[in-house]
Protein chains: 4
Amino acid sequence: MVTRGRLFIQTPGPTNIPERVLQAVARSGIDFASPRFRELAAGCLHDLKSIFKTEGEVFAFAANGHGAWEAALQNLFTPGDAVLAPTTGRFSAVWAEMGRKLGLEVIETRTDWRSGIDIDLAAEILGRDRDHRIKGILAVHTETATGVRNDLPALRAVLDQLDHPALLVADTIASLAIEEFAMDDWGIDAALAASQKGLMMPVGMSFLALGPRALERTRSAQLPRAYWDVQFRLGDEVYRWFYGTPPEQLVFGLREALDMIAEEGLDQAISRHRRLADAVRAAVTAWGRGGALEINAINPHERANAVTGVRVSEPIDPEAIRSITRAEFNVALGGGLAELTGKVFRIGHLGDLNEAMIIGTLGAVELSLKRSGAAFGEGGVAAAIDRLAGTG
Amino acid sequence: MVTRGRLFIQTPGPTNIPERVLQAVARSGIDFASPRFRELAAGCLHDLKSIFKTEGEVFAFAANGHGAWEAALQNLFTPGDAVLAPTTGRFSAVWAEMGRKLGLEVIETRTDWRSGIDIDLAAEILGRDRDHRIKGILAVHTETATGVRNDLPALRAVLDQLDHPALLVADTIASLAIEEFAMDDWGIDAALAASQKGLMMPVGMSFLALGPRALERTRSAQLPRAYWDVQFRLGDEVYRWFYGTPPEQLVFGLREALDMIAEEGLDQAISRHRRLADAVRAAVTAWGRGGALEINAINPHERANAVTGVRVSEPIDPEAIRSITRAEFNVALGGGLAELTGKVFRIGHLGDLNEAMIIGTLGAVELSLKRSGAAFGEGGVAAAIDRLAGTG
Amino acid sequence: MVTRGRLFIQTPGPTNIPERVLQAVARSGIDFASPRFRELAAGCLHDLKSIFKTEGEVFAFAANGHGAWEAALQNLFTPGDAVLAPTTGRFSAVWAEMGRKLGLEVIETRTDWRSGIDIDLAAEILGRDRDHRIKGILAVHTETATGVRNDLPALRAVLDQLDHPALLVADTIASLAIEEFAMDDWGIDAALAASQKGLMMPVGMSFLALGPRALERTRSAQLPRAYWDVQFRLGDEVYRWFYGTPPEQLVFGLREALDMIAEEGLDQAISRHRRLADAVRAAVTAWGRGGALEINAINPHERANAVTGVRVSEPIDPEAIRSITRAEFNVALGGGLAELTGKVFRIGHLGDLNEAMIIGTLGAVELSLKRSGAAFGEGGVAAAIDRLAGTG
Amino acid sequence: MVTRGRLFIQTPGPTNIPERVLQAVARSGIDFASPRFRELAAGCLHDLKSIFKTEGEVFAFAANGHGAWEAALQNLFTPGDAVLAPTTGRFSAVWAEMGRKLGLEVIETRTDWRSGIDIDLAAEILGRDRDHRIKGILAVHTETATGVRNDLPALRAVLDQLDHPALLVADTIASLAIEEFAMDDWGIDAALAASQKGLMMPVGMSFLALGPRALERTRSAQLPRAYWDVQFRLGDEVYRWFYGTPPEQLVFGLREALDMIAEEGLDQAISRHRRLADAVRAAVTAWGRGGALEINAINPHERANAVTGVRVSEPIDPEAIRSITRAEFNVALGGGLAELTGKVFRIGHLGDLNEAMIIGTLGAVELSLKRSGAAFGEGGVAAAIDRLAGTG
């Protein structure tokens, strides 16, 4: 079956890459030791600071987001270190598992995968940790698998209140340039991100921002490392910035993406994400009046700007909905992961998007729901439009 | 003001060009005298026959659609020839005017720009033309400026009934690969088209298909010509096919577009256009329940698959609606032309489109209507979705 | 047989298109009635004036170079007008033929296709034309088919001396941004060009620049016209500038190309062409020491910056040389046209080129000569390098 | 200073990326969980086996080549394992250093950086290792920093003769699809490569091929790992193949590159590289007759197909040569690294190249040598042409 029209890739990553960025990654390579490439790469690393809102150092890796997870762990911790990993879904759980693989003692808390980090529980664990065995907290800002956004400032507040020295390490893969985030103001010690979400790029680059306490820690941390080692990357040669040959085309794309964010304004980009996310939630809420669908994230204040998990009940099969949207309407949605498999589909609403694309996406979902024969509340798209018009 | 997300170019040309076609036109040039280019170009000209549904000859010009108009006139007529031009809107009127500029006697009929060719009037004029001074009929299949589709077989029937030898020359610029069209079966002698509509290409190429009677006429027609002369182009050299250097990148794009049409199937492409057009009409009809909007094409059976003219009454300003959709929602609409200026805006629904894009487009229009403060019937997008679901 | 590496397209058009321009022509379309496109197109038309070095008007056509020929003729002449066409090769001969097809009386002079316009003969003909029946001179600046550059200022001088009012119409297709050319200073009344040569673009756009006398003439000239009519194009709407839908992607490419020329500097681009052309001539001269090859253009001061015709004697078969360079070395050369078929191959050295590409091209030719078993003078490439080094 | 013409990127990576591959990496993303992407990625991993000439498993990483080094070490070794690292230049030395960073005992042998691995010395060390403490040999096939190719089969022979169980791990970053290489036939246990060399792609992907003994080892090896862990990647989900989100655009590019290699034929690609490398060596040898330049690789049978290090004596400054080629001729060369800084420049001759590009590159170097005022033997380019013609 042939589909026509442009694919809307409404998974929560990969996302719709702007034509400008796609063209940038298609440029021929240049001598990476030339002044021109050096300036380009240095400018990108510099400008990323204003996206993270930090005066720390930002490092870029030829790797996907999981690579940035590893970079954070290896640079900040020592074998046997305890870290607190308050997991809230599939991705935070994989990060915690990575910590175990690398030789850390991971204290993992879990939730129902419908709500955010239990701050009180985290406070209790940290409060009991009188001798500060816990060296870091692995906190995912937005859990891509559930559509839940965690309260990072609340974690900072707990640490401050307890005067606990653990590093607060934030995964902003699904929140950077999508949600309010202010690394330095929020007291985040380290933050990591990836190229294919709010940065509107292809997959293949990821980032680690380190504040002064985290940078200091990289000097003493003992996990063996080479590829991800930020100390090596602090050098003066471009070769060192990327530990080997730089992924030039992705750097070209990053430059374009950063320019586009600057043109729109970071704050405007974030409020655009919020506006579009609100519209999606209005649609899902309307569909849910039939009882068989609901937003996975229970608490309204924890609903993410990047992605909405749509929880369905029988007889709705989320994979059937995804198949129809993809095959009939050229719209790609995310599926439920791990224990959410078969219970959830996910609508990504992040990156290079606007009202028309979101309404079109919701229209395709509404058509697919109708096509599937499922009972659901009518008027989801209409509710989204009302919300976007400020009248719903 | 920066917009984000991909522009929906819902003008009735230019249209949304598929990524595959855009990449094809960005390929480096090759030796146009090489076997590879020759085969490529010959294949395109051959395959275009199946799009026109003709066993005649198809010629391709480095030119826009107005160039194909001129090609048709110069190749088929002789100074002083009378032609019947039943105009129904701005574009057919310009074509008629072109006939006058080139030295033809143009018998122009007009309509209210809301309905199709008056077949009875045409029959009357042709019937009076006992000595066959009228050498051709310039018939636009779909008038892009009004959204009205004309009944070409009815014109053929008139000619047949009268046994009138005038050539039936069809402008299928806004209908080829969009509407049912069968050049040979319908008795169309000549048909012309352009690249940027149903063929999903950039502007810059246009086409003229000639059946046996038209080809015969090109041998005797006396309008002076060189660039458009099809007799010259019938030669064996690629140089002759394009009268000079071939527009290689556009040929590359044409190859890709023809492949895409073949993959989808021409009939499927046409029924997709009909389905999406129906959805747009459902939306406009719903909006029109408030009284201030209506479909410009009065007769339902004359409403085109390619474009819907939306006629608005005060206080709705169509240009204000267009400005909002463009500036706020990154959706480009067509405006009213000539005497429809300020009375009509046009929603293009042709080319590389699907349900999600159409719903998104309609969503942007609905939001713009709300934003403009105009009174209009609610539920346009919802009506479109119902229509697409087969329930509205 | 698969070739590898980037094709060097060393035909005298199409030429090697810079990546920046290729990417520009691959951008999605926009609303051509929007301020953004208007500004873009207006800027291009304005900046083209500085390339032609004129304060007149420049018009752009969706057409190849032959279209610009027709535009010049139709806008400037009246049926029955006499024009002097001093032809010097295949292309100037086709232009003269076009004049006849369009109804002009063409006074054609010919050469041996190895030297430039016979200025004395032109002077004689014009001198005899006491009643000024000759309304224009169709003068090709560089004859692409022969590699001969004509002396346009000498023609102007003849007209001035005779006080003859004929318009001097220059074809600068193979010279604009390649050779010194100064439309106003040289007293050229009209000049035409195409996109795929010095402007480094895909084929598909062509240009006509008109000085005050030519513009004045367009008001009285009587050849029937519509597509090419510049009076219509003088209007305020973008629609009029391109007589119909503008070829947006080509305009995007033109913008990029004009920016690139501005960055390099027009004078620098021209001296680069001269330098590279000199190197090619040094190579051909060296090869020719064996006796079987020589530069087609006999007079050194008439050798063009754009292309060198290489005249070969038996047993060298120029088509065999071309086949080898294409199939084995991925280098496309031009062939001999019309009466030069089988006697000449042509090395294009125009557009986006540098020393490395020219040396590589010459290397491929030299290898092909060796491969073909022909006797020729050794050391062509070495001679070119010496010339480029300023030592040969 | 503006350069014109296409940049020749004759560094030994990044290399000239074919237009087809550049276009592939510029395609919009798709749902990576879709059958279409799954099939694409599986096909690439499968087809890579025939490039490595192995029936083992191939893994692909979103990472540059240094990442593949780390992947090899972490998957195959246990903290405290001894590995033999016979270094022959900068890159093999960095890999050895990486082994130390990751906790291995690295037995490093060195050379003069002008010749290959001392096989006798390796045999001696392995022979003394009666209790098989040495668990692997880190052998670089082609040392990119010196242009020296090592004799991998000789290392295998040593191991076989000694019946030593150490794994033979080959870095084929600068040799895969460039030199003869047959992983299984040569008894290579593990081989790693990167995207930007013989595979003609952008930087950002790297590969690890494991034969049965190496795969078995990954089950017992104890270096902590997650991102590079191949056991995890053996799973059935696409997510696992890339440990996280797949770098889709690079996979698209890889598909195109593999298709291109299949079209040319792997053997043909390798003999093309040898032919072009021979030509470069002929040129350098000719230049060296003046005494101030020589090929860095002393032994002719160790000279690599991928890159030629050119050793220069005073007063030639290799960095000045590189600056001139880059700034004047748009040709990028590699510099000398580490202790070869200021003594060597490197001409990359790998990837998507042909005779014309190599001759052009050599021409630019010859011009730069002349421009620099250095004394050198004349006729380097001529010698290369003779070699390519089979006459030198």
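**View 1. Polar contacts between chain A and chain D.** In this predicted model, 17 residue pairs are in polar contact between chain A and chain D, counting pairs with both residues at pLDDT 80 or more. On the chain A side, helix 1 (19–25), helix 3 (65–76), helix 4 (90–101), helix 10 (248–264), helix 12 (318–329) and strand 13 (331–335) each bring at least two residues to the surface that touches chain D. Helix 4 of chain A has the largest share there, with five residues. Sorted by class, this side of chain A has 31 nonpolar, 14 polar and 12 charged residues.

**View 2. A salt bridge between chain A and chain D.** Here D31(A) and R326(D) pair up through their side chains, 2.4 Å from N to O. Four salt bridges turn up across this interface. Zooming out, 57 residues of chain A and 56 residues of chain D take part in the contact. About 4,100 Å² is buried between the two chains, and carbon and sulfur atoms give 57% of that.

**View 3. Where chain D meets chain C.** Now we swap partners: 39 residues from chain D and 39 residues from chain C make up this contact. The buried area is about 3,000 Å², with 61% from carbon and sulfur atoms.

**View 4. Charged partners and helix 13 of chain D.** R4(C) and D352(D) form a salt bridge at 3.4 Å, N to O. The interface of chain D and chain C has eight salt bridges. On the side of chain D that touches chain C, helix 13 gives the most, with 11 residues. By class, that side has 20 nonpolar, six polar and 13 charged residues.

Key: Residues numbered from 1 in each chain as written. Chains lettered and ligands numbered in written order. Predicted model: local features only at pLDDT ≥ 70, side-chain atom pairs only at ≥ 80, totals over all residues. Heavy atoms only, no water. Contact = heavy atoms within 4.5 Å. Buried area = accessible area lost by both parts, 1.4 Å probe. Polar contact = N/O pair within 3.5 Å; in protein donor to acceptor, adjacent residues only side chain to side chain. Helix = DSSP H or I, 4+ residues; strand = E, 2+ residues; numbered from the N terminus. Nonpolar A, V, L, I, M, F, W, Y, C, P; charged D, E, K, R; others polar.
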